[in-house]
Amino acid sequence: MSSQKAGEPGADLVAGATGPAPSVPCPAGRQRMSSDQRRAAIVQAAVRLFAQNGFRGTTTRQLAAALGVSEPVLYQHFQTKRELYSAILEHLSVGSRILLPEDLERLFKTSDDRTFFLRLATEILKWHLEDPSRPRILFYSALEGHELSELFYERHILPFHHALAAFIERGMQQGRFRQADPMLVAKSFCGTVAHYGLALTVFSHRDDEETRNRTIALIVDTFLNGVRKTEEPA
């Protein structure tokens with residue numbers, strides 16, 4: 001978020017200080033939210049504003065105004081910016097459980113290669129389409145040199161890449177896939193599907209569900225045609 005002058009309401013949240021915040025009463029006539037409900041509302045509003053305006057273009061004053069509260073209420077629930085960013089990371093990771101390494105491992109054991117990659121591609125695309133603010137906020141974060149994109153990559157994307165690379169390496173050892181750097185192969189597949197997801201969200205490309213399914217199938221078949229090991233000619 002944009003920096004504020006020391007002493008202004010919300011400056012502690014922006015600067016990362018951890019001093020206690022004063023208690024702010026609920027405005028008359030408004031039903032009081034529970035602490036968990038208020039935290040969730042703050043995170044949702046922060047994601048929406050950051051996705052629209054970027055981190056540098058969003059202030060705690062704007063965030064408070066979007067929620068209809070005073071700025072001290074924000075840092076009652078998130079005393080430092082890192083607390084807020086951690087909650088945003090959790091919000092960004094919710095939705096497509098197959099993107100967790102343990103879910104990938106279960107899918108490894110129950111699917112043939114094409115089914116596995118079709119399911120995987122579908123879930124990657126679903127992550128983009130369910131909430132377009134997800135890729136937008138990560139784009140803003142990366143372009144502005146903000147720590148959120150790096151944290152998301154380290155906590156979620158990298159473990160996923162490692163898990164997928166392990167599956168691909170297993171296929172190489174079993175002779176199903178040709179020899180190559182497993183991590184590069186994993187990133188190539190994910191990058192292709194993610195690019196399609198970005199076209200549909202960030203760049204507002206319009207495809208109906210049937211077209212999306214055909215595109216995903218084409219991506220998977222093209223990928224497998226490239227990585228599957230072929231018989232050497234006699």
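# Salt bridges and helix H2 in a predicted model

Being four residues apart in helix H7 (residues 113-130), Glu123 and Arg119 are separated by about one helical turn. Their side chains form a salt bridge in which the closest N and O atoms lie 3.8 Å apart. The structure is a predicted model, and seven salt bridges are counted in it. Side chains of opposite charge can pair when their charged atoms come close. The points below cover several of these pairs and then turn to helix H2.

**Pairs about one helical turn apart**

- Within the H7 pair, Glu123 has a relative accessible area of 10%, so this residue counts as buried.
- Its partner Arg119 is partly exposed, because its relative accessible area is 43%, and buried means under 20%.
- In helix H11 (residues 209-227), Glu210 and Arg214 are likewise four residues apart, about one turn of the helix.
- The salt bridge between Glu210 and Arg214 brings the closest N and O atoms to 3.4 Å.
- Glu210 has a relative accessible area of 54% and is therefore exposed, whereas Arg214, with 49%, is partly exposed.

**A pair between two helices**

- A salt bridge joins the side chains of Glu71 and Arg61, with an N to O distance of 3.6 Å.
- This pair links distant parts of the chain, since Glu71 belongs to helix H4 (residues 71-77) and Arg61 to helix H3 (residues 60-67), 10 residues apart.
- Glu71 counts as buried because its relative accessibility is 9%.
- Arg61, by contrast, has a relative accessibility of 48% and so counts as partly exposed.

**A network**

- Salt bridges also link three residues, Lys126, Glu130 and Arg134, in a network.

**Helix H2**

- Helix H2 (residues 35-53) comprises 19 residues, and the distance from its first C-alpha to its last is 27 Å.
- That span is close to the 27 Å expected at 1.5 Å a residue.
- The buried residues of H2 are Arg38, Ala41, Ile42, Val43, Ala45, Ala46, Val47, Leu49, Phe50 and Ala51.
- These buried residues pack against H3 and H4, as well as helix H5 (81-93) and helix H8 (133-143).
- H3 and H4, two of the helices against which the buried residues of H2 pack, are also those that hold Arg61 and Glu71 respectively.
- After H2 comes Gly54, which has a positive phi, near 80°.

Technical notes: Residues are numbered from 1 along each chain as its sequence is written. This is a predicted model: local features need pLDDT of at least 70, side-chain atom pairs count only at pLDDT 80 or more; totals for chains, interfaces and linings use all residues. Side-chain values use heavy atoms; hydrogens and water are left out. A salt bridge is a side-chain nitrogen of Lys or Arg within 4 Å of a carboxyl oxygen of Asp or Glu. Buried means under 20% relative accessible area, exposed over 50%, partly exposed in between (1.4 Å probe, protein chains only). The expected span of a helix is 1.5 Å times one less than its number of residues. Contact means heavy atoms within 4.5 Å.
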